[in-house]
Amino acid sequence: MPAIVLIGAQWGDEGKGKATDLLGSRVDYVVKFNGGNNAGHTVVVGDEKYALHLLPSGILSPGVTPVIANGVVVDIEVLFEELDALSSRGVDVSKLKVSANAHVITQYHRTLDKVTERFLGKRQIGTTGRGIGPTYADKINRVGIRVQDLFDENILRQKVEGALAQKNHMLVKVYNRRAITVDEVVDDLLSYAERLRPMVEDTALLLHQALDAGKTVLFEGGQATMLDVDHGTYPFVTSSNATSGGAVTGSGVAPNRIDRIIAVVKAYTTRVGAGPFPTELFDDSGEFLRAQGFEFGTTTGRPRRCGWYDAPIARYTARINGVTDFVLTKLDVLTGLATIPVCVAYEVDGVRFDEVPVSQSDFHHAKPVYEEFPGWTEDITGVRSFDDLPKNARDYVLALEAMSGSRISAIGVGPDREAIVVRHDLLG
C-alpha cells in the first residue's frame with residue numbers, strides 16, 4: 001500500500017485538513033513530520049468544527065493511528081490541552097504516537113520568540129510567538145531538549161542548565177527580562193513525563209513496519225512550500241522543511257518508500273505574516289475573498305492577506321515537491337465574481353519572468369501579469385461531479401491545471417466534509 005505525502009502549495013492555510021479528511025477512511029497512519037503548534041487545520045465533521053494546531057488531523061478519523069514524528073517540535077502543554085479538548089467531545093485519542101526524538105518547546109523558547117520578534121521592530125518576520133524558531137535553532141545548535149530526555153531527570157537537568165547558561169544572559173542583558181531558573185523549567189517538563197510516556201515510541205521503526213505490513217501511511221506537512229526554510233520566501237518562512245523532502249527527514253522513512261505527493265492549493269492565494277506576495281489585493285476584491293473564504297488564521301485569528309491565484313508558484317511547488325496530484329480548495333469562494341484574474345507571469349523592471357525569480361529582491365518587486373477568466377453565479381456547494389459544475393467553473397479549473405504543472409485530482413466546493421468533487425483517485 002502507498003506512502004503519501006500531503007503538503008501545502010502556497011503559503012499555508014490551503015485546506016490540508018480537508019484533503020486529509022478526504023483520505024481518512026482509506027489511511028491507516030497519519031504522520032505530522034514538521035512544525036509545531038504554529039499552524040492549524042480546521043476540519044468540519046457534520047455540524048462539528050475542530051481546530052487542530054499540533055495534532056495531526058487524522059486523529060479525527062476512526063481507525064487511524066496519528067503520529068507526531070521526529071521532525072516536529074512539541075509544546076507538551078498544548079499537546080495535552082488539545083487531547084483533553086478532543087476527548088471531552090468524544091474523540092478517541094488513545095492511538096496517538098509521539099517520537100522519542102522530537103524536540104520539546106520549553107518556557108524559555110516561547111519567551112525568546114516573543115522578545116526577539118519585538119526587538120526586530122519594522123523588520124519583524126511575523127512569527128506566532130510560540131517558540132517554534134528558537135526550538136529549531138537549539139536543535140541545529142545541538143543544545144535542544146528531546147522527548148526522550150523527560151524520562152531521565154539527570155540528563156534533562158544537565159541540558160536545561162547548559163541552555164539557560166547562555167539564554168539567561170540574553171534575556172537579562174539584551175532584552176531586560178528576568179532570568180529563568182533551571183528548576184522551574186525542569187519541574188514543568190517532568191510534570192508531563194508520566195502521562196506522556198505511554199505515547200512515546202521509535203516512530204521511524206513503527207512506520208517502516210506499517211509499510212512493510214501493507215498499511216497506507218499519509219505524511220501531513222505543516223505550513224507550506226513557500227514557507228519552507230530552504231525553498232520558501234526566506235527569511236519570511238517557518239523554521240522547518242515543509243516540502244516533500246521534509247517528510248523523509250522528519251519521519252525517518254526513506255524516499256524510495258514514497259508513492260504519491262499531493263499538494264493542496266487554493267483557488268486563490270492567501271498568506272499570514274510579513275513577506276512578498278505578488279498578487280496581494282488591497283481593494284474590495286481582497287475584502288471579498290477574505291469575507292467569503294473566512295480568511296482568518298486557525299492558530300492566531302489574524303486576518304489573512306488575500307490575492308488571486310498564482311500559477312508560477314503552483315509550478316514551482318510542482319517542481320520542488322515532485323507533485324503527482326493537486327487538490328484545489330475553496331472554488332466556491334469565487335462564486336459571484338464577474339471575472340477572475342490569474343497570475344500567469346511576473347514583470348520586474350520591465351522584464352518578464354514566467355517562473356518564480358530566484359532573487360528575493362526581484363520577487364519582492366514582482367508585478368503580476370494577469371489573464372482573466374469569466375466567472376459564474378451558480379451555487380456549486382452541492383455539486384459532486386466535475387461535469388455538473390458550471391461551464392465557466394470547469395474552464396477555470398482546466399486552465400489552472402494546464403498552467404500549474406500537475407493534474408487537479410480533487411476540488412473543494414464548500415466547507416462541509418463531503419463538499420468535494422473527485423476527478424482522479426488520490427490513491428491510484
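**A buried helix, an open sheet and an annotated aspartate**

Helix 11, which spans residues 311-321, is largely enclosed by the rest of the structure, because nine of its eleven residues are buried. The structure described here is a predicted model. The buried positions of helix 11 are Ala311, Pro312, Ile313, Ala314, Arg315, Tyr316, Thr317, Ala318 and Asn321. At the N-terminal end of helix 11, aspartate 310 acts as a cap, with a side-chain oxygen 3.2 Å from the backbone nitrogen of isoleucine 313. After helix 11 comes glycine 322, which has a positive phi, near 70°.

The strands are considered next. Ten strands form an open sheet with mixed pairing, in the order 9-7-5-2-10-1-11-15-19-20. Strand 9 (200-201) and strand 20 (420-422) are the edge strands, and each of them pairs on one side only. Within the sheet, strand 15 (residues 325-329) is joined to strand 19 (residues 407-412) by four bridges in the parallel sense. Leucine 328 has isoleucine 411 in strand 19 as its bridge partner. Helix 13 (residues 391-404) packs on the sheet and touches both strand 15 and strand 19. The direction of helix 13 makes about 140° with that of strand 19.

Strand 5 (residues 65-68) pairs with two neighbours. With strand 2 (residues 29-32), strand 5 shares four bridges in the parallel sense, and valine 31 stands opposite valine 67 of strand 5. Strand 5 and strand 7 (residues 97-99) also run parallel and are joined by two bridges; here isoleucine 68 has valine 98 in strand 7 as its bridge partner. The side chains of strand 5 are divided between two directions: Thr65 and Val67 point one way, whereas Pro66 and Ile68 point the other way. All of these residues are buried.

An annotated position was also examined. The unreviewed UniProt entry places the feature "binding site" at Asp13 and Gly40. Aspartate 13 is located in the loop between strand 1 (3-8) and helix 1 (16-23). Its relative accessible area is 22%, so aspartate 13 is classed as partly exposed rather than buried, a term that requires a value under 20%. Apart from residues up to four places away in sequence, aspartate 13 touches Lys266, Thr270, Val272 and Arg304.

At the level of the whole protein, the domain assignment gives domain 1 (1-98 + 199-259), domain 2 (101-194) and domain 3 (264-420). The centres of domain 2 and domain 3, taken over C-alpha atoms, are separated by 38 Å.

Methods
Residues numbered from 1 in each chain as written. Predicted model: local features only at pLDDT ≥ 70, side-chain atom pairs only at ≥ 80, totals over all residues. Heavy atoms only, no water. UniProt positions renumbered as here; feature names shortened; annotations may be inferred. Buried < 20%, exposed > 50% of the residue type's maximum accessible area, 1.4 Å probe, protein only. Contact = heavy atoms within 4.5 Å. Polar contact = N/O pair within 3.5 Å; in protein donor to acceptor, adjacent residues only side chain to side chain. Pairing = 2+ DSSP bridges. Axes fitted to C-alpha atoms, helices over the stretch in contact; angles between N-to-C directions. Domains from an automatic or database assignment.
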